[in-house]
Structures are given as structure tokens and as C-alpha cells.
Amino acid sequence: MNDKEFLKKQYKNILVSELENEKGLNVCQIQINRPNAMNALNIELMGEIAEVLFAVDKNEDFGCSVITGNEKAFAAGADIKEMADANAVEIYYREMFASWDRIRGFKKPFIAAVSGFALGGGCELAMLCDMIVAAKSSKFGQPEVNLGVIPGAGGTQRLTRAVGKARAMEIILTGRMVDADEMYQAGLITKLSDDDKYLNDATAIAKTICTKSPLAVQLAKESILRSFDTTIESGIDFERKNFYLLFASEDKMEGMKAFVEKRKPTWKGK
Ligand code: CAA
């Protein structure tokens with residue numbers, strides 16, 4: 001499918017653009033655009049991100065996406081004003097995490113390019129991404145305990161897996177803000193960038209991914225994510241099935257042939 005309607009659409013809470021990549025497939029950039037609310041993530045906004053990532057998944061011109069915010073905030077959490085009056089039953093029926101669950105299943109990689117605050121749901125959205133590139137001055141945290149709740153979009157699980165129990169407990173139970181450098185040392189962040197370079201650095205990684213076999217990239221992502229919810233034995237079995245599956249692809253034939261013939265491969269994603 002090569003429908004690019006989503007690029008022309010005026011979304012209420014995000015800006016979407018296509019970044020040309022002369023060396024490979026293009027990158028889709030999604031910018032969260034609620035500057036007056038510190039990019040707080042309301043349900044509509046998460047639906048818009050899911051809609052675009054789904055369209056990217058289905059579009060053969062794109063290989064990867066970058067999700068970013070502005071200098072002040074990647075996102076300062078789920079929209080507190082949207083949740084403030086809700087009781088348990090209302091929040092249950094609202095299915096505020098439906099788009100988050102959808103995004104979890106998308107095949108093409110997406111990278112968070114973080115500057116400013118990535119707090120609560122903002123930190124969780126960054127962790128839902130496949131990598132985090134962060135400006136040195138950015139601040140992370142799960143401050144939900146300050147609001148009488150806990151992280152609800154995967155924070156207790158993804159942060160713990162990334163930085164370990166000792167630090168996750170301290171970060172979530174105190175609700176403190178954490179410098180990007182500390183999160184980098186702890187293993188949450190892929191690349192720590194100068195403040196004026198974080199978006200370029202994230203885009204550069206995305207563009208490099210876009211030069212690889214799209215099918216191999218997707219199956220590698222799927223296999224890595226599987227490591228979080230399986231034993232090592234089942235994970236290795238899963239990886240092996242995907243490895244074998246790639247031997248049925250034209251890209252595998254082309255990639256290995258190109259190596260032997262000392263030339264660059266031409267990928268088809270097939
Ligand atoms: N939801 C809704 N509105 C928010 C918001 C949020 N998460 N974060 C900031 N805003 C709004 C503020 O209410 C304010 O709006 P008004 O101008 O209309 O008053 C505007 O954005 C600017 O914010 P501040 O004036 O507070 O800016 P600041 O520079 O003084 O502070 C901040 C910045 C430290 C990020 C502060 O805004 C803050 O602490 N935000 C809330 C962070 C938080 O608690 N996040 C967790 C949310 S719950 C959650 O995410 C649950 C989950 O797991 C899914």
C-alpha cells in the first residue's frame with residue numbers, strides 16, 4: 001500500500017512529515033504538538049500517533065519513524081486534566097490505553113527523540129519506542145505517586161526491565177526527576193546528545209535503519225521484543241524461526257549475493 005493521505009491530514013495534536021532519505025527508505029517524523037499543555041498525552045493524541053504509525057507500517061516508502069516533542073517537553077505525562085474527574089469505572093470504560101496497546105504491535109521501528117520533560121506517560125511513551133535518543137538536559141521520571149496513582153502505561157514494567165529493580169523502585173516510589181545522564185548510565189537511553197543535536201541524531205539512526213532490509217529489521221525488532229516476555233529458550237526458538245523465515249525472502253538472497261559480488265544490495269522488503 002502506498003497511501004500517503006496521512007501526510008496531508010491536519011491532526012489536532014501532532015505534526016507529521018516525511019523526511020527524504022537518499023540512501024534508503026524515508027523516515028516519518030511525528031511531532032507532539034500541544035505546547036500549551038507541555039505536550040500532555042490525551043486519548044485523542046495517542047489515537048493520532050497510532051493512526052500515523054499504522055499508516056507507516058503499511059506504506060512501503062517508509063522504514064522507520066521518529067517521535068519527538070519540543071525543546072521544553074517530549075511529553076509531561078498523560079493529560080491530568082482529562083483524568084482528574086474520572087472514577088475507576090469511567091477510566092475503565094474509557095480504554096485510555098487502547099492506542100498504546102495498538103502501538104505495541106506495530107512492526108516498523110520508531111525512535112523517541114527526547115528534549116525537555118519526559119514524565120509519567122511521557123517517559124512511558126519514550127519507553128514504548130524502540131530506542132530513546134535524548135538531549136543532555138532532558139529530564140525523565142515517573143511522578144505519578146505525587147498524584148496518588150502509579151504509572152499506568154507500562155512504566156513499572158519497562159523501567160524495571162531497563163534499569164533494574166533497585167533503581168526503578170527508587171525512581172517510581174519517590175517520583176523524582178532523573179537527569180538524562182543518569183538514565184543513560186542506567187541503560188534506558190540509546191544515545192545522549194548535545195541539546196541542539198538530539199533530533200538530528202535520532203533521525204540519523206532512523207535513516208541508517210532505513211538502508212537495511214525492511215523485512216530483516218522488522219523480524220529483528222519482533223525477536224528482541226519477544227525477549228521481554230519469554231524464557232531464554234523460547235526466545236531463542238522464536239528468533240530461530242524468524243531467522244529461518246528470512247531465508248525464504250528475496251532480501252536474504254539479494255543481501256548475501258550482493259556481499260559476494262562486492263556491491264550494495266537493493267532491498268525489496270520481500
Ligand atoms: N497534564 C495536563 N496538563 C499539563 C500536564 C499534564 N501531565 N503537565 C503540564 N500541564 C499543563 C499545566 O497544567 C499548565 O497549563 P496551564 O498553563 O493551563 O496552567 C501548562 O501545561 C504548563 O505547565 P506548568 O505551568 O506546570 O509548567 P512548569 O514549567 O512550571 O512545570 C512540569 C513543568 C514540571 C512538567 C509540570 O507541568 C508538571 O509537573 N507536570 C505534570 C507531570 C506529571 O505529573 N506527569 C504524570 C501524569 S499522570 C500519568 O502520566 C499517568 C500514566 O502513567 C499514564
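In the predicted model, the largest share of the shell around the ligand comes from helix H3, which contributes 3 residues. The shell as a whole holds 24 residues, and the closest to the ligand are Ala78, Ile80, Gly121, Glu124 and Glu144. By residue class, the shell divides into 15 nonpolar, 5 polar and 4 charged residues.

Polar contacts with the ligand involve both backbone and side-chain atoms, as three cases show. A polar side-chain atom of Glu144 is placed 2.8 Å from an oxygen atom of the ligand. At Ile80, a backbone N or O atom lies 2.9 Å from a ligand nitrogen atom. At Asn36, a backbone N or O atom is found 3.5 Å from an oxygen atom of the ligand. The ligand taken alone exposes 980 Å², of which the protein buries 64%. Two or more residues of the shell are given by each of helix H3 (80-83), strand S6 (117-119) and helix H6 (121-128).

Helix H6 is largely enclosed by the rest of the structure, because 8 of its 8 residues are buried. The buried residues of H6 are Gly121, Gly122, Cys123, Glu124, Leu125, Ala126, Met127 and Leu128. Gly121 and Glu124 are also among the residues closest to the ligand. In general, residues three or four places apart on an α-helix point the same way, because the helix has 3.6 residues a turn.

The loop between strand S2 (26-32) and helix H2 (43-58) contains Met38, and Asn39 is placed in the loop between S2 and H2 as well. Most residues other than glycine have a negative phi. Met38, which is not a glycine, has a positive phi of about 50°. For Asn39, also not a glycine, phi is positive at about 60°. The two residues differ in burial: Met38 is partly exposed because its relative accessibility is 32%, whereas Asn39, at 0%, counts as buried.

Aromatic contacts come to 6 pairs in the model. One of them joins Tyr92 and Tyr93 in an edge-to-face arrangement, with 5.3 Å between ring centres and 65° between the planes. Tyr92 is classed as exposed because its relative accessible area, 61%, is over the 50% cut-off. Tyr93 is likewise exposed, with a relative accessible area of 61%. Another pair, formed by Phe243 and Phe247, is tilted, with 5.0 Å from centre to centre and an angle of 55° between the planes. Phe243 is partly exposed at 46% relative accessibility, and Phe247 is partly exposed at 38%. Both phenylalanines belong to one aromatic cluster that also includes Tyr244.

Arginine side chains are found over aromatic rings at two further sites. Arg226 lies over the face of Phe238, 3.9 Å from the ring centre. The charged end of Arg102 sits over the ring of Phe54, at 5.1 Å from the centre of that ring.

Two partly exposed residues in regular elements were also examined for their spacing to residues elsewhere in the chain. Leu19 is located in strand S1, which spans residues 14-19. With a relative accessible area of 21%, Leu19 counts as partly exposed, because the class of buried residues is restricted to values under 20%. Leu19 and Val66 are 47 residues apart along the chain, and their C-alpha atoms are separated by 9.9 Å. Glu182 is part of helix H9, residues 180-186. The relative accessible area of Glu182 is 22%, so this residue is also partly exposed. Between Glu182 and Arg34 the separation is 148 residues in sequence and 27 Å in space, C-alpha to C-alpha.

Terms used
Residues are numbered from 1 along each chain as its sequence is written. This is a predicted model: local features need pLDDT of at least 70, side-chain atom pairs count only at pLDDT 80 or more; totals for chains, interfaces and linings use all residues. Side-chain values use heavy atoms; hydrogens and water are left out. Rings of Phe, Tyr and Trp (its six-membered ring) pair if their centres lie within 6.5 Å; planes under 30 degrees apart count as stacked, over 60 as edge-to-face and the rest as tilted. Buried means under 20% relative accessible area, exposed over 50%, partly exposed in between (1.4 Å probe, protein chains only). A charge sits over a ring if NZ of Lys or CZ of Arg is within 6 Å of the ring centre and within 35 degrees of the ring normal. A residue is near a molecule or strand if one of its heavy atoms lies within 4 Å of it. A polar contact is a pair of N or O atoms within 3.5 Å; within protein, one must be able to donate a hydrogen and the other to accept it, and residues adjacent in sequence count only if both atoms are side-chain atoms. Accessible areas come from the Shrake-Rupley method with a 1.4 Å probe; for residues, only the protein chains shown count as cover. Helices (H or I, at least four residues) and strands (E, at least two) are DSSP runs, numbered from the N terminus. Ala, Val, Leu, Ile, Met, Phe, Trp, Tyr, Cys and Pro count as nonpolar, Asp, Glu, Lys and Arg as charged, and the others, Gly among them, as polar.
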